Amino acid sequence: MSDVRVRFAPSPTGSTHIGTARTALFNWLYARQNDGVFVLRIEDTDKERNTEAALEELLDGLEWLGLDWDEGPGKDGPYGPYFQSQRSDIYQAHLQTLKDKGRAYERDGAVYFKLEGERYTEFDSYANAEIEKVRAEPVVIDDLIRGQVTRKEERDFVIQRSNGDPSFHFVNVVDDIEMKITHVIRGEDHLSNTSKHVELFNAFEATPPKFAHLPMILKDPREGKGKMSKRDKGALISEYKERNFLPEAVVNFIALLGWSPKDDQESLTIDALVSRFNLNDVQKGGARFDEKKMSHLNFERMKSMDLSEYVSTARASLENAGLASSDTDDAYLSSALALCQEKIDSFENLPEFAAYFFSEDYAVVEKAEKKVMQKDGAVDRLDEIAPRLAALEKWDQTSIDSAFNQLADEKDLKPFAWYPVVRFAVSGTNSGPDFLPMLETLGKERVLKRIDNARERYRP
RNA sequence: GCCCCGUUCGUCUAGCCAGGCCUAGGACACAAGGUUUUCAUCCUUGCGACAGGGGUUCGAAUCCCCUACGGGGUGCCA
């Protein structure tokens with residue numbers, strides 16, 4: 001174990017956002033690849049906005065993505081508790097330290113951190129008032145992604161609110177010191193405030209950690225401007241879980257938002273990410289969210305799954321849709337799904353795509369019906385092939401193929417003349433898995449019955 | 001307003017730090033062909049970018065400056 005200690009410090013105030021998940025992921029990757037410790041610290045100092053449900057969703061999301069923490073809720077460590085709401089004594093002690101050093105004072109019931117430097121008053125257009133400012137020394141932020149960023153604070157800031165709750169800037173720094181955090185990896189929205197944090201580290205005579213400020217994830221340009229918000233489509237981790245995306249694909253996608261492995265490899269497993277990830281290679285500019293790329297990565301991952309793994313994941317989504325149950329035959333399920341794996345790009349759409357394998361109650365695609373069945377002779381084609389298929393002793397691709405070929409030879413046509421009608425008769429659509437294997441898998445009985453039904457239904 | 005950070009194809013990005021190998025590479029998306037006698041797969045091809053202007057240099061996507069644009073901060077939110 002190295003001395004690298006990173007923390008992911010969310011506040012449970014709402015649904016887990018994709019940007020939040022990426023911050024967690026980058027921290028986790030950094031910890032894992034450096035053999036360090038990943039701390040999960042819950043920043044629940046804002047009692048008004050924290051909810052139990054949000055906390056549960058957060059923990060759930062991390063677990064689903066496979067981001068396990070070494071210290072945090074449910075995992076005691078030497079620097080707990082890991083909920084800020086339970087660390088009041090620690091904050092009070094540190095507050096006293098600042099007061100003793102003459103670096104904190106009360107005003108209007110709140111406690112302010114006192115900057116060092118000459119004081120003057122100036123009209124501030126943002127505050128729209130004459131306010132006190134300080135000529136403080138600039139602080140240098142050592143950022144692994146952006147290099148050295150110099151910025152200076154010019155106003156004292158609140159470290160304890162008048163209701164007695166310590167403020168974010170204060171607890172964040174106190175905890176980072178107490179928890180011996182070595183690297184702070186977080187969103188760029190914190191960069192400007194980092195000068196406040198460095199001031200605090202200095203006041204406590206503690207060495208600031210290394211910082212790494214990640215670029216923001218911006219809205220899809222079609223959705224508007226600015227950073228992605230929780231209301232935007234695709235913004236919530238829970239949504240991907242519900243839509244049966246593979247967690248590894250989601251991890252792969254969000255890793256690529258602001259980072260790249262610098263070669264043509266894009267489809268990366270979590271293990272590959274752990275070994276290849278590098279904070280220095282993180283992009284500085286904001287990244288826009290693209291749902292299509294996400295789906296593509298998901299499909300790549302689906303195709304590369306072992307059949308058995310694919311089947312068990314698919315089974316869940318089929319059971320959910322009421323198409324399969326715990327006693328659905330494994331062998332049948334496997335052979336049907338093997339035909340789908342190469343074709344269908346999401347587990348979300350799988351039930352619709354594969355319904356006819358599992359139920360007689362499958363949708364008939366109108367466009368296909370028009371195109372295939374409203375042609376002259378469509379039913380004749382079915383009349384011709386039905387008895388030949390019925391006569392087959394062996395029901396496999398080869399036999400089925402020869403039945404079609406014999407008929408085609410006799411009529412001096414290509415088997416193509418029968419394929420679309422038969423496909424439509426047995427599946428209600430004109431697209432799907434490879435034709436012959438599909439018939440084999442469906443089985444003789446099902447195929448013949450559906451052809452008979454179609455003959456009746458579509459006979460002019 | 002002020003401060004900080006950015007800006008390469010529509011999107012994610014490689015190249016930039018160590019200037020020439022860049023007529024700027026890959027992926028997604030899109031388009032066209034092809035294969036699959038189905039298709040949402042697969043293959044091929046195409047489309048398509050260094051924000052603008054100055055400078056430094058024999059030479060700049062790469063270094064410097066300015067402008068524009070984008071993002072963030074400027075809360076007794078985190």
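1. Start with the RNA: 65 residues of this predicted model surround RNA strand B, and Asp108, Gly285, Pro415, Phe416 and Ser431 come nearest. Here "near" means that a residue's C-beta atom, placed from the backbone, lies within 6 Å of the strand.

2. Which elements give two or more residues to that surface? Strand 8 (147-151), strand 13 (287-288) and helix 9 (291-303) do, with helix 9 giving the most, three residues. These are DSSP runs numbered from the N terminus: H or I of at least four residues for helices, E of at least two for strands.

3. By class, the surface near RNA strand B splits into 26 charged, 20 polar and 19 nonpolar residues. Asp, Glu, Lys and Arg count as charged; Ala, Val, Leu, Ile, Met, Phe, Trp, Tyr, Cys and Pro as nonpolar; the others, Gly among them, as polar.

4. On to the domains of chain A: domain 1 is 87-214, domain 2 is 221-302, domain 3 is 305-358 and domain 4 is 366-458. The bounds come from an automatic or database domain assignment.

5. Domains 3 and 4 have C-alpha centres 23 Å apart. Seven residues of domain 3 are in contact with eight of domain 4 (C-beta atoms, placed from the backbone, within 7 Å). On the domain 3 side, helix 11 (330-341) and helix 12 (350-358) each supply at least two residues, and helix 11 has the largest share with four. That side has five nonpolar residues, one polar and one charged.

6. Bookkeeping: residues are numbered from 1 along each chain as its sequence is written, while chains are lettered from A and ligands numbered from 1 in the order written. Local features need pLDDT of at least 70 and side-chain atom pairs count only at pLDDT 80 or more, but totals for chains, interfaces and linings use all residues.

Technical notes
Two residues are in contact if their C-beta atoms, placed from the backbone, lie within 7 Å.
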